[in-house]
Each structure stands twice: as C-alpha cells, then as structure tokens.
Amino acid sequence: MSMKWPERTIKEPDRELPKPTPDQLMSASEIFHDNSALRSSNTQLYSWIAHVNSAPDIRGVISRAFTHFPGCPVTPLPRNFAPSPRSFEEILENRRSARDFNGEPMSLETLSKLLYFGDGISTWWNTPDGLDWPLRTAPSGGGLFPIETYCMVLNVEGLAPGLYFYHHLKHNLECVVEKDLTGALSEAIPGQAESVRSASVCVILSAVMQRIKFKYGERAYRFLMLEAGHIAQNLLLTAEAEGVGGVAVGGYLDDTMNALLRLDGVEEAVVYLALFGYKQKLPEVTTSR
Ligand SMILES: Cc1cc2nc3c(=O)[nH]c(=O)nc-3n(C[C@H](O)[C@H](O)[C@H](O)COP(=O)(O)O)c2cc1C
C-alpha cells in the first residue's frame with residue numbers, strides 16, 4: 001500500500017551563505033587541548049578522581065599495573081652503580097644531542113644505568129592504606145605509570161641484538177625477539193639511518209593508554225606525553241653523566257614503529273624514542289697563527 005507523503009520544500013537562500021575561513025575553524029589539536037582542559041565546572045571528573053584515589057580495590061590494582069612477557073629469556077641487570085664524579089650542574093650544562101656514534105658496543109652496566117636512572121623503581125611507598133606502591137625516578141600523573149620501556153638492542157655487550165622489554169619491578173630485560181632489527185629501525189626513522197647504524201641501543205617508550213585514561217579521561221593523553229618527556233630527559237642526562245651520546249627522536253613513522261613492537265597503536269602506542277651510543281670523537285681542530 002503506498003503511503004501519501006507530503007512534499008518537502010527547502011527554501012534555499014537566494015545567494016550562497018559565507019563559509020568559515022580556515023582560521024575561524026579550530027584545528028584538531030586546538031579542539032583536543034580545549035576538550036582536555038580541567039575546569040572547576042567539571043565536577044563529575046573531580047568526584048571520579050576522588051573515588052579512584054580512595055577506593056581500596058582500584059588502588060590495589062593500579063599500584064601493580066605492569067606489562068610482563070612471561071617465558072621470555074631474562075637478562076638480570078647490574079644495580080650497584082658507582083656515583084658519577086661529575087656535578088649535576090655540569091651534566092645539565094653539557095647535555096647536547098649526539099647523532100654520530102663510534103660504533104663501539106655499549107657495556108651492559110651502562111645500559112643498566114640508563115634504564116634505572118631513566119625510569120627505574122627508586123623507592124617503595126608504604127601507603128597509609130597498607131599498599132607497597134613502587135615509585136620511579138620520573139614523576140607520573142596519579143602514580144599510574146602508563147609508560148613502558150622497550151630497548152632495541154643493536155650493539156650491547158652480553159646481549160644478542162633484538163627487542164627487549166625492561167621489567168621495572170625486577171630491573172631486568174626480557175628478550176621479546178632475538179633478531180638484528182637495525183634495518184627495520186632505520187626504515188622507521190627516516191633520514192637518520194647513519195645514526196641508527198652506529199648506535200648501540202634505541203630506547204622506545206610506549207604508552208598503555210587505558211592505564212591512565214580510565215582515571216583522567218581526555219586529560220590522560222597530556223599526562224602520558226609529559227611523563228614520556230620526563231623519562232626521556234632522565235635518560236639523556238644519565239647518558240651525559242656516563243659520557244654516552246644520545247638524541248631524542250620524535251621523527252619516527254608511527255605505524256612502522258608500532259608494527260615492530262606488535263602494538264595496535266590505539267590501546268598501546270609508541271610515543272617517543274631515543275638513540276644512544278658512545279660519542280664519535282671529533283677530529284682535533286688545530287689552528288695556526
Ligand atoms: C620532542 C623532540 C623530538 C625530537 N626529534 C628529533 C628527531 O626526530 N631527530 C633528531 O635528530 N633530533 C630530534 N630531537 C632533538 C632536537 O633536534 C635537539 O634537542 C635540538 O636541536 C636542540 O639541540 P640540543 O639537544 O643539542 O640542545 C628532538 C627533540 C625533542 C625535544
């Protein structure tokens with residue numbers, strides 16, 4: 001049976017309406033920044049955060065949120081480090097990005113220092129509600145530690161080349177894939193093949209999004225990126241203290257890096273890299289008068 005449907009007429013304006021110019025539209029990053037702003041009017045988020053901070057069942061889980069690769073070969077890392085003879089101020093002033101390395105293998109002790117001072121567990125917080133909460137050298141929004149640390153070992157004494165996971169709790173490395181991945185890493189960092197070829201290790205920081213998003217919502221993305229920056233600076237300053245060269249690398253191909261680590265890029269994604277190796281000695285410059 002056909003139904004009678006009234007005629008629809010839409011009145012068109014007699015001239016085309018003006019369109020917004022690109023500078024009148026907000027870009028995706030502007031929208032994100034505004035959408036992730038904390039405002040006193042956002043009472044629902046504040047009460048959720050207060051709930052997370054006080055609920056014993058939630059606190060028990062989040063104080064022990066770790067990635068782990070059971071069954072993978074484990075390499076324990078040395079821990080008794082000699083203190084650096086250099087002052088903190090001198091280390092800060094002398095840190096410079098290094099992209100040319102001399103190709104010598106890095107010692108396991110040096111890699112261990114990078115990882116421990118980069119984001120290792122430096123203390124255990126005995127909370128008033130009876131938890132032992134591991135805290136690290138780098139700060140973390142809400143103590144949720146969404147950033148995981150992987151190492152692409154290229155040339156390190158005592159470690160076969162491959163992809164390793166840094167297990168914070170145990171301060172050891174779990175070998176996820178034993179394979180020379182120098183070529184694959186070079187492809188993932190366009191234009192920096194020579195740095196990759198001569199480096200000893202690429203430290204890869206990934207973010208487990210839900211570990212922090214569940215508490216802070218949109219704000220979480222800001223927090224995890226800030227945390228990755230804290231860790232990267234710790235790594236670079238430790239490298240400088242050890243006479244090791246390093247450079248932060250933000251210019252990597254996301255999909256290629258995520259595929260290398262078998263990450264989906266949504267639940268967990270690579271957010272930052274840093275290359276390290278012993279510094280290339282520059283030829284001595286002699287001046288004659
Ligand atoms: C977020 C971020 C991303 C970076 N990405 C790269 C990169 O992809 N490749 C590179 O060679 N250097 C990279 N750098 C290093 C900068 O080029 C370097 O820090 C800057 O030129 C200042 O030099 P300095 O580190 O020696 O003080 C990056 C630095 C930061 C903070």
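Q: In this predicted model, between which two strands does the loop holding F145 lie?
A: F145 is not part of a strand here; its place is a loop. One strand beside that loop covers 132–136 and the other covers 147–153. The two strands are β3 and β4.

Q: Is F145 buried or exposed?
A: A residue is buried if 20 or more other C-beta atoms lie within 10 Å of its own. F145 has 26 such neighbours inside 10 Å. Its phi is positive, about 50°, although F145 is not a glycine. By the neighbour count, F145 is buried.

Q: Which class does H171 fall into, buried, partly exposed or exposed?
A: H171 sits in the loop between β5 (162–167) and β6 (172–178). H171 too has a positive phi of about 50° without being a glycine. Buried needs 20 or more C-beta neighbours, and exposed needs 12 or fewer. With 16 inside 10 Å, H171 is partly exposed.

Q: How many helices and strands does the chain have?
A: The chain contains both kinds of element. The totals are ten helices and nine strands.

Q: What is the radius of gyration of the chain?
A: A compact globule of 289 residues would come near 19 Å. The chain does not match that figure. Its C-alpha atoms fill a box of roughly 90 × 60 × 50 Å along the principal axes. The radius of gyration is 24 Å.

Q: What share of the contacts between residues at least 6 apart in sequence joins residues at least 24 apart?
A: Buried residues make up 32% of the 289 in the chain. Contacts between residues at least 6 apart in sequence can also be sorted by separation. Those joining residues at least 24 apart come to 73%.

Q: Why is helix α5 described as largely enclosed by the rest of the structure?
A: Helix α5 covers residues 108–119 and spans 17 Å, close to the expected 16 Å. Its buried residues include L111, L114, L115 and F117. α5 is largely enclosed because the buried count, out of twelve residues, is ten.

Q: Which residues does F117 contact, leaving aside its neighbours within four places in sequence?
A: F117 belongs to helix α5. F117 is buried, with 20 other C-beta atoms within 10 Å. A138 is 21 residues away in sequence, and its C-alpha is 8.5 Å from that of F117. The contacts of F117 are T137, N234 and T238.

Q: Which helix gives the largest share of the largest nonpolar core?
A: In soluble globular proteins, nonpolar side chains tend to be buried together. The largest such core here has 63 residues, and M152, V201, C202, V203, A274 and F276 touch the most other members. One helix, residues 219–241, supplies nine residues to this core. That helix is α9.

Q: Which residue with a positive phi follows α9?
A: α9 has 23 residues and reaches 34 Å from its first C-alpha to its last. That is close to the expected 33 Å. After α9 comes a residue with phi near 70°. The residue is G243.

Q: How many nonpolar, polar and charged residues are in the shell around the ligand?
A: Among the residues around the ligand are R96, R99 and Q192. Others include V247, A248 and V249. By class, the shell has three nonpolar, four polar and two charged residues.

Definitions and conventions
Residues numbered from 1 in each chain as written. Predicted model: local features only at pLDDT ≥ 70, side-chain atom pairs only at ≥ 80, totals over all residues. Helix = DSSP H or I, 4+ residues; strand = E, 2+ residues; numbered from the N terminus. Rg over C-alpha atoms; globule rule 2.2 N^0.38 Å. Contact = placed C-beta atoms within 7 Å. Near = placed C-beta within 6 Å. Nonpolar A, V, L, I, M, F, W, Y, C, P; charged D, E, K, R; others polar. Core = buried A, V, L, I, M, F, W, Y, C linked by C-beta atoms within 7 Å. Expected span 1.5 Å × (residues − 1).
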